[in-house]
Structure formats: structure tokens, C-alpha cells
Amino acid sequence: QVQLVESGGGLVQAGGSLKLSCAASGSIFSINAVDWYRQAPGKRRELVASITSGGREIYADSVKGRFTISRDNAKNTVYLQMNSLKPEDTAVYYCNAQVALASNNRYYSYWGQGTQVTVSS
């Protein structure tokens with residue numbers, strides 16, 4: 001029905017930048033809030049950034065001033081621009097979206113498969 005596909009991860013040196021994308025496809029009526037989470041080995045999954053349908057942004061303290069979340073509603077895509085990356089940002093990054101289906105206009109939560117971000121020191 002709905003798929004979320006993350007892309008843009010990779011290996012970067014400390015201080016570098018990456019831009020992640022989360023593209024939604026399928027029988028979509030609308031997309032509400034979209035979140036980026038990350039999970040490092042041996043750690044809990046944590047919320048990194050969130051954006052509402054109206055464009056309100058929320059960030060974890062650990063990434064404020066370095067990461068920027070944005071969305072292109074026409075493309076059903078949300079981005080996470082990550083600057084000044086640190087080794088502690090190394091994790092698998094996942095997007096989670098609240099999507100209303102075209103078939104019933106009800107919202108459901110969907111997750112992407114994740115994309116690896118590795119920051120070397």
C-alpha cells in the first residue's frame with residue numbers, strides 16, 4: 001500500500017555533511033507528521049527530528065543547529081540535512097510517517113528500511 005524509502009546515507013569524515021531523503025509512495029491521500037529516528041549499535045532508537053504537515057520542526061538537543069528537516073509535499077519526500085557530523089551521529093537512520101490512505105482517509109504509521117550513516121573521526 002505505502003512504502004517509505006530512505007536514501008542518502010554513507011561514510012563521511014567528521015565535520016562533513018550528508019543529506020538523507022525519505023520518499024513515500026503508494027496509495028497516499030495525505031502525509032501528516034514525519035519523523036527521523038536513529039539507532040546506534042547497542043542503543044535505543046531515538047528521535048532525531050520531526051516535521052508536521054504545516055512545516056513545524058522539532059529537533060533533539062544533540063542535533064540542534066546541525067541538522068535541518070524539511071519536506072516537499074508535492075514529491076511526498078522529507079529530507080534531513082546533516083552538517084558538522086560527529087562520530088556519535090553514526091547510526092542507522094529511519095523515517096517514520098503518519099500517512100492517510102487514499103482508500104479510507106485513515107492515518108497509519110509507516111517505517112522505512114533505514115539507511116546507514118557512518119562518521120569517521
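**Strands, core and salt bridges of a predicted model**

Strand β11 (115–120) has two faces: Thr115, Val117 and Val119 are covered, whereas Gln116, Thr118 and Ser120 make up the uncovered side. Helices and strands here are DSSP runs (H or I with at least four residues, E with at least two), numbered from the N terminus.

Colleagues, a word on the basis of these values. This is a predicted model, in which local features need pLDDT of at least 70 and side-chain atom pairs count only at pLDDT 80 or more, while totals for chains, interfaces and linings use all residues. Residues are numbered from 1 along each chain as its sequence is written, and side-chain values use heavy atoms, with hydrogens and water left out.

I remain with β11 for its partners. Two strands are said to pair if DSSP finds at least two bridges between them. Strand β2 (residues 10–13) runs parallel to β11, with four bridges, and Leu11 faces Thr118 there. With β9 the sense is antiparallel, over three bridges; Ala91 has Val117 of β11 as its bridge partner.

The next topic is the open sheet. Its four strands follow the order β1-β3-β8-β7, with antiparallel pairing. Which strands stand at the edges? They are β1 (2–7) and β7 (67–72); each has a single partner strand, so one side of each lacks a neighbour in the sheet. From one strand to the next, the twist averages 15°, where axes are lines fitted to C-alpha atoms (for helices over the stretch in contact) and angles run from 0 to 180 degrees between N-to-C directions. Within this sheet, six bridges join β1 to β3 (residues 18–26) in the antiparallel sense, and Val5 is matched with Ala23 of β3.

I turn to the interior. A nonpolar core is a set of buried Ala, Val, Leu, Ile, Met, Phe, Trp, Tyr and Cys residues joined through side-chain atoms within 4.5 Å. Buried means under 20% relative accessible area, exposed over 50%, and partly exposed in between, with a 1.4 Å probe and protein chains only. The largest such core has 33 residues, of which Trp36, Val48, Phe67, Ile69, Leu80, Met82 and Tyr93 touch the most other members. Two or more residues each come from β1, β3, β4 (28–39), β5 (46–51), β7, β8, β9 and β11. Which element gives the largest share of this core? That element is β9, with six residues.

Phe67 deserves a closer look. Contact means heavy atoms within 4.5 Å; leaving out residues up to four places away in sequence, Phe67 touches Arg38, Val48, Tyr59, Leu80, Gln81, Met82, Asn83, Leu85, Asp89 and Tyr93.

Two of those residues, Arg38 and Asp89, lead to the charged groups. A salt bridge is a side-chain nitrogen of Lys or Arg within 4 Å of a carboxyl oxygen of Asp or Glu, and the whole structure holds four of them. Arg38 meets Glu46 at 2.6 Å, N to O. Is Arg38 buried or exposed? Arg38 counts as buried because its relative accessibility is 6%, while Glu46, at 34%, counts as partly exposed. Arg38 also forms a salt bridge with Asp89, the closest N and O atoms being 2.9 Å apart. That pair links distant parts of the chain, since Asp89 lies in the loop between β8 and β9 and Arg38 in strand β4, 51 residues apart. Asp89 is buried, at a relative accessible area of 1%. Through shared partners, salt bridges join Arg38, Glu46, Arg66 and Asp89 into one network. Another salt bridge pairs Asp61 with Lys64 at 3.1 Å; Asp61 is exposed, at 64%.

Arg66, a member of that network, sits in the loop between β6 (57–59) and β7 and is buried, with a relative accessible area of 11%. A polar contact is a pair of N or O atoms within 3.5 Å; within protein, one must be able to donate a hydrogen and the other to accept it, and residues adjacent in sequence count only if both atoms are side-chain atoms. The side chain of Arg66 makes such contacts with the backbone oxygen of Ser62 at 2.9 Å and with that of Ser84 at 3.0 Å.

Ser84 itself is in the loop between β8 (77–82) and β9 (91–101). Its phi is near 50°, a positive value in a residue other than glycine, and Ser84 is partly exposed, at 40% relative accessibility. Asn105, in the loop between β9 and β10 (107–111), likewise has a positive phi, of about 60°.
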